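Please examine the sequence and the three-dimensional model shown here. The briefing that follows is arranged by topic and may be read alongside them.

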Amino acid sequence: MQILNKIIIYFVSSRKHIELTGHISLTFPATSITLGNLTADLLSLKQIDALDQDIKAGVVFHRKLDAFCDAHESYKTMLPIFKPAVGRYAPVALDIILDYFLAKNWSHFYTIPYEIFSDLVYKMLKQNASKLPDSIQLFILKIVEDRWLMEIFKFGCDEIRIGSNEPESKVRCGFHKNNTGNYTSF
């Protein structure tokens, strides 16, 4: 789980992940709903009240999706796997891993390639950021500028080099099913 810790620390400390892929994939290309869905966790109640109805619908969708996932038996089963490694950040870790697997296996669910999907999302966000409060607009433009949807692949590899370029510093990362049917990191 050491490599998982590094992944989670990177995304949490850099604030470059907020359940982007899974949430956006379920509402895009519905612009206003996607804006609300994407920014729901960042908006204050006062900011939500000032939004257009369609964007508010996206906020409601986001909250219902989170509630559905949090109550789902599969999610409840996976969550304890991450608790020993990342403690109270286990839900964040699980969301990041699920986003990684969705992005990595995108072609199994969608016909449009992930990179093209990402570019379309960036274009939509850039064109519509002005519909959101000023403080959120900066955040949205940072997502576009830094290509956050592609950040999920930063650690999504067969090998990650840690510390140096020497072959000995390679660390394999991923998950496999052990003989008890649980997934473990390696």
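In this predicted model, the largest pocket is lined by 22 residues. Gly 22, Leu 65, Cys 69, Leu 98 and Asp 99 are the lining residues that lie nearest the centre of the pocket. Two or more lining residues come from each of the helices H2 (20–27), H5 (53–71), H6 (73–86) and H7 (90–104).

**The largest pocket**

- Rolling a probe the size of a water molecule over the atoms shows where empty space is left.
- The space in the largest pocket amounts to about 630 Å³.
- Which element gives the most to the lining of the largest pocket? Helix H7 does, with six residues.
- Sorted by class, the lining of the largest pocket consists of 12 nonpolar, five polar and five charged residues.

**Helix H7**

- Helix H7 has 15 residues, which at 1.5 Å a residue should span 21 Å. The C-alpha atoms at the ends of H7 are 21 Å apart, so the expected span and the model agree.
- The buried residues of H7 are Ala 90, Ala 93, Leu 94, Asp 95, Ile 96, Ile 97, Asp 99, Tyr 100, Leu 102 and Ala 103.
- An α-helix has 3.6 residues a turn, so residues three or four places apart point the same way.
- Asp 99 appears in two of these descriptions: it is one of the residues nearest the centre of the largest pocket, and it is buried in H7.

**The chain as a whole**

- The chain contains 10 helices and four strands.
- Read from the N terminus, the order of the elements is α-α-α-α-α-α-α-α-α-α-β-β-β-β.
- The chain has 186 residues, and 41% of them count as buried.
- Among contacts in the chain with a separation of 6 or more, 55% are between residues 24 or more positions apart.
- About 10,700 Å² of the chain is exposed, and carbon and sulfur atoms supply 56% of this area.

**Helix H3 and its surroundings**

- Helix H3 (31–39) is mostly covered, with seven of its nine residues buried.
- Which residues of H3 are buried? They are Ser 32, Thr 34, Leu 35, Gly 36, Asn 37, Leu 38 and Thr 39.
- These buried residues of H3 pack against H2, H5, H8 (114–128) and H9.

**Pro 29 and the cis peptide bond**

- Most residues other than glycine have a negative phi, and most peptide bonds are trans.
- Phe 28 and Pro 29 are joined by a cis peptide bond, with an omega of about 15 degrees.
- Pro 29 is placed in the loop between H2 and H3.
- Is Pro 29 buried or exposed? Pro 29 counts as exposed because its relative accessibility is 62%, and the cut-off for exposed is over 50%.
- Pro 29 and Phe 117 are 88 residues apart along the chain, and their C-alpha atoms are separated by 9.6 Å.

**Helix H9 and the loop after it**

- Leu 141 belongs to helix H9, which covers residues 134–145. With a relative accessible area of 35%, Leu 141 is partly exposed.
- Leu 141 is in contact with Lys 126 and Ala 129, when its neighbours within four places in sequence are left aside.
- Between Leu 141 and Gln 127 there are 9.8 Å in space, C-alpha to C-alpha, although the two are 14 residues apart in sequence.
- Lys 142 also lies in H9, and its relative accessible area of 37% makes it partly exposed.
- The C-alpha atoms of Lys 142 and Lys 126 are separated by 9.8 Å, and these residues are 16 residues apart along the chain.
- Not counting residues up to four places away in sequence, Lys 142 touches Arg 147 and Trp 148.
- Arg 147 is located in the loop between H9 and helix H10 (148–151). This residue is not a glycine, yet its phi is positive, at about 55 degrees.
- Arg 147 is partly exposed, as its relative accessible area is 30%.

Technical notes: Residues numbered from 1 in each chain as written. Predicted model: local features only at pLDDT ≥ 70, side-chain atom pairs only at ≥ 80, totals over all residues. Heavy atoms only, no water. 1 Å grid on protein atoms, 1.4 Å probe; cavity = no way out; pocket = protein on both sides within 12 Å on 5 of 7 lines; lining within 4 Å. Points joined across faces, edges and corners; volume = space filled by probe spheres on them. Nonpolar A, V, L, I, M, F, W, Y, C, P; charged D, E, K, R; others polar. Expected span 1.5 Å × (residues − 1). Buried < 20%, exposed > 50% of the residue type's maximum accessible area, 1.4 Å probe, protein only. Contact = heavy atoms within 4.5 Å. Areas by Shrake-Rupley, 256 points an atom, 1.4 Å probe, with all protein chains shown as cover.
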